[in-house]
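Reader: I would like a close look at one part of this model, the sheet, together with what lies against it and how it sits within the chain as a whole. Please take me through it step by step.

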Amino acid sequence: MSPKMKHHFPFDPSYGLTLEDLRAIAPPEPPPGFDTFWQARYMKALAVDPKLAMRTAKTSHPDWIVQDISFTSTDGVTIGGWLLVPRHGKIRRGLVVGHGYGGRVAPNFDLPVKETAVLFPCFRGISRSLHPPISPEPAFHVLHDIDKPERYVIGGCVEDLWVAVSALIALFPDLGGRIGYSGISFGGGIGALAIPFDPRIERGFLEVPTFGNRALWLELPTTGSADAVQRYGRSHPDVLDHLRLFDAASAATRISVPMLVAVALFDPAVAPPCQFSVANALPRANCNEIFILDAGHFDYPMDSVQQAALSERNRRFFEVT
């Protein structure tokens with residue numbers, strides 16, 4: 001069981017489960033048509049001309065050239081974000097970095113990578129990618145067109161990631177086969193859905209990923225986006241039928257590239273059984289690494305120590321060879 005955490009939540013964010021219990025949770029089987037559904041969406045995204053636009057950002061950094069960027073994603077949605085290019089050395093790898101449901105107000109300059117062009121897109125409807133009528137508020141964003149699988153916003157966000165890869169390759173054509181993805185929470189779930197269907201992404205890091213094992217995701221008490229969907233589900237009992245196509249754990253069973261996944265034993269916003277469902281779905285014999293955190297979405301005594309260790313693991317994982 002995770003270290004005892006003092007908290008104010010009306011439920012136990014460890015759900016009384018031990019590490020052994022969590023490691024035993026199996027991912028759900030994908031529904032019929034799962035692969036066809038996502039392969040068709042990938043081909044749609046691959047056909048998009050990103051029409052990338054850049055300008056020098058007001059933000060400056062001694063190690064990075066910072067550019068404000070925008071590009072066109074599927075459905076004509078304009079995606080905004082940032083591009084970091086190292087001031088010194090060659091560019092030998094590309095990295096797309098997703099964000100949590102809190103969005104992003106600036107790029108992260110502390111990523112443990114070198115010789116890497118880093119693209120920080122904001123997924124549709126959020127932060128620099130506002131797109132009414134999609135709400136930027138997590139509790140409403142996660143519900144946008146949830147009853148229409150072909151139009152559900154989560155699928156659009158996956159397409160945004162694929163088009164971000166296209167934009168990075170358009171800027172740096174030599175990076176083909178050397179592009180990674182890094183995503184936390186919401187961005188972790190989007191990454192798990194996107195990576196198996198895009199052969200251009202050659203490795204990925206997911207931290208406390210959401211959207212895994214939707215049946216549990218809809219059942220376990222939480223403070224995260226699942227809470228909004230659980231409330232919606234009380235009057236729409238067929239919601240799970242729609243969400244099975246968007247199950248990050250089912251998608252992760254299709255991942256065939258090296259992965260680093262950080263999962264938490266205690267997490268009020270993304271239930272640990274859902275996180276572990278994603279990690280447990282990965283093939284055991286494929287250079288995959290699982291990093292165990294005491295907690296996610298929560299401050300705890302060993303937080304800084306564990307994050308430092310995770311950063312070092314990331315450095316090695318994304319190291320250019």
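Author: A residue is called buried here when its relative accessible area is under 20%, and exposed when that area is over 50%. By that cut-off, 58% of the 321 residues of the chain count as buried, and it should be said at once that this is a predicted model.

The sheet itself is open and is built from 9 strands, which follow one another in the order β1-β2-β3-β5-β4-β6-β7-β8-β9 with mixed pairing. At its edges stand β1 (53–56) and β9 (289–293), and because each of these has a single partner strand, one side of each is left without a neighbour in the sheet. Between neighbouring strands of the sheet the average turn is 20°, with direction ignored. Strands of a sheet pair through backbone hydrogen bonds, and they may do so in parallel or antiparallel fashion. An example of the parallel kind is found where β4 (residues 93–97) meets β5 (residues 116–121), the two being joined by 4 bridges; within this pairing, Leu95 has Val118 of β5 as its bridge partner.

Turning to what lies against the sheet, helix α10 (residues 272–281) lies across β7 (201–207), β8 (259–264) and β9, and runs at about 165° to β8. Of the 10 residues of α10, 10 are buried, so the helix is largely enclosed by the rest of the structure; among them are Cys274, Phe276 and Val278, as well as Gln275, Ser277 and Asn280.

A contrast is offered by Pro199, which lies in the loop between α5 (186–194) and β7. With a relative accessible area of 72%, Pro199 is exposed, because its value is over the 50% cut-off. From Pro199 to Glu312 the separation is 113 residues in sequence and 26 Å in space, taken from C-alpha to C-alpha.

As for the setting of the sheet, the chain comprises 11 helices and 9 strands. Its radius of gyration is 19 Å, close to the 20 Å that the globule rule gives for 321 residues, so the chain is as compact as a globular protein of that length. The C-alpha atoms fill a box of roughly 50 × 45 × 40 Å along the principal axes. Among contacts with a separation of 6 or more, 71% are made by residues 24 or more positions apart. Finally, the chain exposes about 13,600 Å², of which carbon and sulfur atoms supply 54%.

Note on methods. Residues numbered from 1 in each chain as written. Predicted model: local features only at pLDDT ≥ 70, side-chain atom pairs only at ≥ 80, totals over all residues. Heavy atoms only, no water. Pairing = 2+ DSSP bridges. Axes fitted to C-alpha atoms, helices over the stretch in contact; angles between N-to-C directions. Contact = heavy atoms within 4.5 Å. Buried < 20%, exposed > 50% of the residue type's maximum accessible area, 1.4 Å probe, protein only. Rg over C-alpha atoms; globule rule 2.2 N^0.38 Å. Areas by Shrake-Rupley, 256 points an atom, 1.4 Å probe, with all protein chains shown as cover.
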